[in-house]
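User: Please take one part of this structure and look at it closely. Then work outward from there and tell me what surrounds it.

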2 protein chains.
Amino acid sequence: MRSPTELAQVFRDKQLKLKPQRQLLFSRLHQNKSHPTAESLYEIASKQMPGISLRTIYQTLGELAEMGELQLVDVGIGATRFDPNTGDHHHFVCESCRAMHDVDILTSPKMSLRRGGGFAVNEVGVVFCGRCNRCNHKQQVRSPESQAKDKASN
Amino acid sequence: MRSPTELAQVFRDKQLKLKPQRQLLFSRLHQNKSHPTAESLYEIASKQMPGISLRTIYQTLGELAEMGELQLVDVGIGATRFDPNTGDHHHFVCESCRAMHDVDILTSPKMSLRRGGGFAVNEVGVVFCGRCNRCNHKQQVRSPESQAKDKASN
DNA sequence: TTTCTGATTTGCATCTAATGCTAATTGACA
DNA sequence: TGTCAATTAGCATTAGATGCAAATCAGAAA
Ligand SMILES: [Mn+2]
Ligand SMILES: [Mn+2]
Ligand SMILES: [Zn+2]
Ligand SMILES: [Zn+2]
């Protein structure tokens, strides 16, 4: 995803308004490696802009995704994650704390794309599911509630 | 997944009752390659047993999954799919009609398992997303409503 | 065969994640 | 400064799924 300033330019060029809500999200997303959900961004954004609407978060994230600035990652467990890293990579997700980490691509794009038994393949997603080091050490499985609070970042 | 008769035995051994609802689902699931959702199984089962509850479908599918007789496949688009094929394989899903097809494993298990940047990986899921041949031919994108009706099978 | 009892089913409430809708607000430009 | 389309925010609604408790029933025991 481009830098907040570059994005601002893009938005201006498209006659889109530069509301503070957007600018805030641009900055919270830029170089964010935490793979946040809409809700987690909402919590973070609310600290700096109390009263911001969750609806706006969804709205803006949707726009950015449509513009190709964000990648949507849905691993089938919990909510959709938003990833400003639009490069070709995959993900590991901890089934205990739900933290998500990048996994640099292992499968050669050649092998993965354009093969699927004779179908037109647009996208290949690889998800590694397991336990992160941190969760592996503490024995306890943490409650889904406490998990949500992990991904503060940026 | 085992055959209906084998499953019946397993259930008896565990002092679980052999209700007709279960037997019906056993038979609708056995060797079913359509990767049905709970709802689609509900529709199918309702034809033979009007009045069967969707809650029971979810219940029974959950039990079978917990017993390792079914594989849950969640591709992040639409509902969870249930797969009686518990072998090591992956999936192609058509983003137009949502049909799901098996993709025989391409990644060597060695390469995929036990690698993810230093995490304990339990499972690797590969999802190919695109358009199936049928949808590729007809231009039109079909409505999500009409799509649901494809997966009649067994 | 009848009785008894815990397993099962079912309907309904509830939940999470997300989207639809619309009135109120506001940035940008004339 | 006024205008107006873009944007926001609040609320309703949806899809998919699970929690809960009363009613039902398979099958062991008598
Ligand atoms: Mn990533
Ligand atoms: Mn399969
Ligand atoms: Zn973890
Ligand atoms: Zn298709």
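Analyst: In this predicted model, Ile57(B) sits in helix α4 of chain B. Is Ile57(B) buried or exposed? The cut-off for buried is under 20% relative accessible area. Ile57(B) has 0% relative accessibility, so it counts as buried. Now look for Tyr42(B). Along the chain, Ile57(B) and Tyr42(B) are 15 residues apart. In space, their C-alpha atoms are separated by 6.5 Å.

Stay with helix α4, and turn to the DNA. α4 (54–66) of chain B supplies at least two residues of the surface near DNA strand C. The other elements that do so are α4 (54–66) of chain A and α2 (20–29) of chain B. Both protein chains therefore take part in this surface, since the named helices come from A and from B.

How many residues surround DNA strand C? There are 17. The closest are Tyr58(A) and Thr80(A) from one chain, with Lys17(B), Arg22(B) and Thr56(B) from the other. By class, the residues of this surface divide into five nonpolar, five polar and seven charged. Which part of the strand do they meet? Of the strand C atoms within 4 Å of the protein, 64% belong to sugar or phosphate, and the rest belong to bases.

Some polar contacts can be picked out by eye. Lys17(A) has a side-chain N or O atom 3.0 Å from a base oxygen of DNA strand C. Arg55(A) places a polar side-chain atom 2.9 Å from a base oxygen of this strand. Gln21(B) meets another part of the strand: an N or O atom of its side chain is 2.9 Å from a sugar or linking oxygen.

Next, DNA strand D. Here α4 of chain B again supplies at least two residues of the nearby surface, as do α2 (20–29) and α4 of chain A. There are 17 residues around DNA strand D. Lys17(A), Arg22(A), Thr56(A), Arg55(B) and Thr80(B) come nearest. This surface has five nonpolar, five polar and seven charged residues. Of the strand D atoms within 4 Å of the protein, 66% are sugar or phosphate atoms, and the rest are base atoms.

Two contacts with strand D come from the protein backbone. A backbone N or O atom of Lys17(A) is 2.8 Å from a phosphate oxygen. A backbone N or O atom of Ser53(A) is 3.1 Å from a phosphate oxygen. Lys17(B) uses its side chain: an N or O atom there is 3.0 Å from a base nitrogen of DNA strand D.

Chain B also holds a metal. The manganese ion (ligand 2) is coordinated by His35(B), Asp83(B), His89(B), His91(B) and Asp102(B), at 1.9 to 2.2 Å. The histidines bind through NE2, and the aspartates through OD. Along the chain, the donors follow the spacing H-x47-D-x5-H-x1-H-x10-D. Asp83(B) and His91(B) are both buried.

Chain A holds a manganese ion as well, ligand 1. Its protein donors are His35(A), Asp83(A), His89(A), His91(A) and Asp102(A), lying 1.9 to 2.2 Å away. His89(A) is buried because its relative accessibility is 5%. His91(A) is buried too, at 3%.

Another metal site in chain A is built from sulfur. Cys94(A), Cys97(A), Cys132(A) and Cys135(A) each offer SG to the zinc ion (ligand 3), at 2.3 Å. Their spacing along the chain is C-x2-C-x34-C-x2-C. Why is this arrangement called tetrahedral? The four donor atoms subtend angles of 104 to 115 degrees, and this makes it so. Cys94(A) has 0% relative accessibility, so it is buried. Cys97(A), at 2%, is buried as well.

Cys132(A) leads on to the interior. The largest nonpolar core has 22 residues, and Cys132(A) is one of those with the most contacts inside it. Phe92(A), Phe128(A), Phe92(B), Phe128(B) and Cys132(B) are the others. Strands β3 (89–94) and β5 (120–131) each supply at least two residues of this core, in chain A and in chain B. Apart from it lies another core, of 17 residues, including Phe11(A), Ala38(A), Ile52(A) and Leu64(A). In soluble globular proteins, nonpolar side chains tend to be buried together.

Conventions
Residues numbered from 1 in each chain as written. Chains lettered and ligands numbered in written order. Predicted model: local features only at pLDDT ≥ 70, side-chain atom pairs only at ≥ 80, totals over all residues. Heavy atoms only, no water. Donors = N, O, S within 2.8 Å, 3.2 Å for Na, K, Ca; no water. Buried < 20%, exposed > 50% of the residue type's maximum accessible area, 1.4 Å probe, protein only. Near = heavy atom within 4 Å. Polar contact = N/O pair within 3.5 Å; in protein donor to acceptor, adjacent residues only side chain to side chain. Helix = DSSP H or I, 4+ residues; strand = E, 2+ residues; numbered from the N terminus. Nonpolar A, V, L, I, M, F, W, Y, C, P; charged D, E, K, R; others polar. Core = buried A, V, L, I, M, F, W, Y, C linked by side-chain atoms within 4.5 Å. Tetrahedral: all angles 85-135°; square planar, octahedral: opposite > 155°, others 65-115°.
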